[in-house]
Amino acid sequence: MRSLIVNPHNLNHLPSQITTITPTQPVARCLKVPYKSLDKLAIKTINNHEITIAPVLTMDRTWRRIVAENINSNDPDGIAKMLIPSRQKLLKSGVDLNLLTHHNSRRIRDLAQVTNRYKQKLQKQGYIDQDQLFWEAINYQTQAPTPAQTLLIYGYFQPQLDQVKFINLVAGEGSIWVLPTGTEEIFAKNREAIAYLESKGWQVNYQENDDNFSLGEKLQNCFLGKGELPHKVQCHIYPNLEAEIRGVLSQVKQLIIDGVSASKIVLVTQDEKTYAPLLLDIAWEYQLPLRLFYKIPLRNIRLGYWIALLIEVIENNFPFESTAKLLHHPLARYLTYKQWLEARQKRPNNLAEWEELGLNLSLLKFPQSDTLPNWVDRIKQVLKFFDIRKNSSQWSREIVAFNQLETAWLELSKLDGDRLNRQEFFQDILEIITKLKVPMQPGKGGIEVHTPLSLQGASYPHVFLIGFQEGILPAAIENDPVLDFYESRRLSQFNITLETAIDIAQRNELCFYELLRIPTKSLTFSCAEQHHKKPLLPSPYSTRLGIETTPPPLLNLASIEEARRYYLQQPYQLSNDVIVNDIIKNWQVEQRRESGESPDEYDGVIGIGVDYQNRIFSASQLTALGQCPFKWFATYLLCLKEPSEAEAEITGSLRGRLYHRCLEILLKDIKTQTDLRRLDIQDINQALSQAEAALQAEENVNFDKFIGWEARRLEGLNMLELNLQAEDFLLANAEIISRENYFDAEWYGLKVIARVDRIDRTPTGLLVLDYKTTSSSPLGIKDDSGKAKINIQMPLYQQAIAQNFNEVPEVDVKLYSLNKQRYLKAKLTEPAILEAFAEEVKQRLQQGNYPVAPDQKQQVCQYCEFDSVCRKGNRLSRKTSSK
Ligand code: SF4
């Protein structure tokens, strides 16, 4: 006799000597039996007939091909992906697909047709799809029955029709199936299954119902409205998700400290995707070992990322940024520090240029087409060359992924297809790393995290259910865009049973109902009030249970990091913590930095004077000091510099240096406007080439590597030619007497040096010309209102030249724009302002006072490389207002 236990209660008397079938390992562990599942039984049945489930890649590739061949679309891969859920539904339902190919809806006909062809294609290779498993096993078991076994089926509390029929065929005399039911709606499907089984000779058994209900049973009764909510069940509400995870894990840690074994505690969440990363991070901080079986695609982990990057690099012929990332990645570690510095300077942008750095990347020269086994061999060689296996071994998840890939390569090399072009092969690899999945935190032991479904039938003393929110538990019901609920209802007229929205809602409810059975000592629900600033509501099941949300209990500090944060103002509480004093000091520094208090030694006011009398200042140095003292401090006193890195495009300052050098060469023998007019475009071109060569030799600049350099150079040539014609460039009555020379002078008690682009003698005296590559006057030092408007370069040059040519009656200084081919307007600064500024400079240097203080609009910051050092930010407005 085969029997059904339909009101599972006090199951201690279940027979232990018969083969027990459980859906998951945790359930088998709770029953203390070896893990054997219904799927394994079905696979064994089909294997007896030389059929097996197709590997993931074979299924995927076959499906994509069939869809591409049969459905006319510009995006066959997109369509293939969209049709997968509908295909799964059809195959799971066991419907006769030939029937559907005559359906009056074209959508359904197409779907049935491609699904049928896909099935046939797999069949030809000796495969079936995962979703056909039970129907195929039923077929084979009906055609050629193997002896039925005595089974105890436990944990299959929500069986699908195919599972019910399969169990009926393989379960022999003496078999027992625990299959809960009741009069409520949530048991509707189970009642149908029981009726079917009864018609096949199964006997329905009711357990003796004493009143000694377990905590789980009391909870289930409460959910069905048949009893009170038991004690030891709480629902804690937290301000946000992080607080929720901290709260839950600190309670878990307390249980462990109290001596509860990790195996007696389980964390359950329906939304692993949202909670898993937070759980891992905080468990690491709390030093709690956690096991997360939630599977993530290889593409989202280091190994998959590296492989995707490899493809991007090869496809785009080794561009600088992505190739640098690829070679610098912790899984490859192929660049030495020296090579990296060199790469930053030279900015290689194709394979040949990378190889010029001494790197051997010949294995990455992939041909345009090859056979599949050769492609697979090639990718394996690349992984071996970069020692990816060894470098993965420091992370358990990565090494699990690497091993999965090994199997995938084998499977891929066996797939049909003669020659593949490179794009097709790369597409296959990208599919592999998207389809293959690894557990988020594999390993053994520790506290496990599961979904409600994977725990059905298990029991644990302490259960924490995280994310008891509306939209998570129960999950929102999603409609299939192809085989939607409307179509599913229409198909029921043809005796094709597909799941409806009501079925899904009932399935979710039954799943939650079974979850309630799991705890034997305590169940703690938790939820958050908001996530990413969106308000959240507790799960509607909380109302069904009649449970009130309450704030969590006063929680212990579960990590040293939390203790440090908490005791920041009472350091004596952490007297054993050797780094707490440093933390407190740094915290105080940051607090002051962010406050309205005046800057201190951590903000440029170092209080160490320097002798200004022994320093020689240029106009740029003084301008920097007057714009933002910290900028001068970082540049000229600390001598900080960004690591030298080749730019993709020519920078403004390099462009300026190039034109200055070109004009110096061009005007070497030019004195008057008449001489100037004799120069032609060839002369300019020649001078420009010489200037390029000079900068290449001095600064290692490769102009040809700049994006669009040819066009930019031509633009520059034309611009220089226009200048030679311009009236302001060289006045008719002027004569050039100096080019790119230095002049020492004294300026309001400071020693200065002026590097002067050009000096012309005019009938009234001397004209000092400073070339600018901008179209407007450059930023000056700050005025009283904080605007960077005061030009000190012109008066400084004027005084320096006057001191060096003291016989000349008058010195005029002009800023000349090469872009506009005319003088720029600039206001002469009053001597009193200059004198006051020079005094300020002396005082700053004597006092060592270089605060972060840019101009009001922070315009000077645009061209400053110290923004990451000075921490300018919003805090500066507080400093200013406090002043
Ligand atoms: S980024 Fe601005 S505030 Fe910072 S040092 Fe440079 S100029 Fe000063």
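How many helices and strands make up the secondary structure of the protein? In this predicted model, the count comes to 35 helices and 26 strands. The radius of gyration of the protein is 39 Å, well over the 29 Å that the globule rule gives for 883 residues, so the protein is more spread out than a compact globule. The extent of the C-alpha trace gives a further view of the overall form, with spans of about 125 × 70 × 50 Å along the principal axes.

A look at burial and surface comes next. Of the 883 residues in the protein, 49% are buried. The area that the protein exposes is about 44300 Å², and carbon and sulfur atoms supply 49% of this area. Contacts along the chain can also be sorted by separation in sequence: among those between residues at least 6 apart, 75% join residues at least 24 apart.

Charge is a helpful theme for getting to know this model. The protein carries 103 positive and 107 negative charges, and the mean positions of these two sets are 3 Å apart. Side chains of opposite charge can pair when their charged atoms come close. Across the whole structure, a search finds 47 salt bridges, and a few of them serve here as examples.

Two of these pairs each sit within a single helix. In the first pair, the side chains of Arg246 and Glu242 meet in a salt bridge with an N to O distance of 2.9 Å. Arg246 and Glu242 are 4 residues apart in helix α11 (residues 241-257), which means that about one helical turn separates them. Arg246 counts as buried because its relative accessibility is 15%, under the 20% cut-off. Glu242, at 39% relative accessibility, counts as partly exposed.

The second pair is found in helix α33 (residues 831-847), where Glu840 and Arg844 are 4 residues apart and so are separated by about one helical turn. Glu840 forms a salt bridge with Arg844, and the closest N and O atoms are 3.4 Å apart. Glu840 is partly exposed, with a relative accessible area of 37%, whereas Arg844 is buried, with a relative accessible area of 16%. Beyond pairs, salt bridges that share partners join Asp60, Arg61, Arg64, Asp77, Asp428, Glu431 and Lys435 into one network.

Another salt bridge links two helices. The side chains of Arg713 and Glu692 meet at 2.6 Å, N to O. Arg713 lies in helix α31 (residues 709-725) and Glu692 in helix α30 (residues 681-699), so this pair ties together parts that are 21 residues apart in sequence. Both Arg713 and Glu692 are buried. Helix α31 also holds Asn718, which counts as partly exposed at 38% relative accessibility. The C-alpha atom of Asn718 is separated by 9.7 Å from that of Asn685, and these two residues are 33 apart along the chain.

Which charged residue is buried yet has no salt bridge? Glu411 fits this description, and the nearest side chain of opposite charge, that of Lys414, is 7.9 Å away. A salt bridge requires a side-chain nitrogen of Lys or Arg within 4 Å of a carboxyl oxygen of Asp or Glu. Glu411 lies in helix α19 (residues 396-414). Apart from residues up to four places away in sequence, Glu411 touches Pro55, Val56, Leu57 and Thr58.

Notes
Residues numbered from 1 in each chain as written. Predicted model: local features only at pLDDT ≥ 70, side-chain atom pairs only at ≥ 80, totals over all residues. Heavy atoms only, no water. Rg over C-alpha atoms; globule rule 2.2 N^0.38 Å. Buried < 20%, exposed > 50% of the residue type's maximum accessible area, 1.4 Å probe, protein only. Contact = heavy atoms within 4.5 Å. Areas by Shrake-Rupley, 256 points an atom, 1.4 Å probe, with all protein chains shown as cover. Lys, Arg positive; Asp, Glu negative; His and termini not counted. Charge placed at Lys NZ, Arg CZ, Asp CG, Glu CD.
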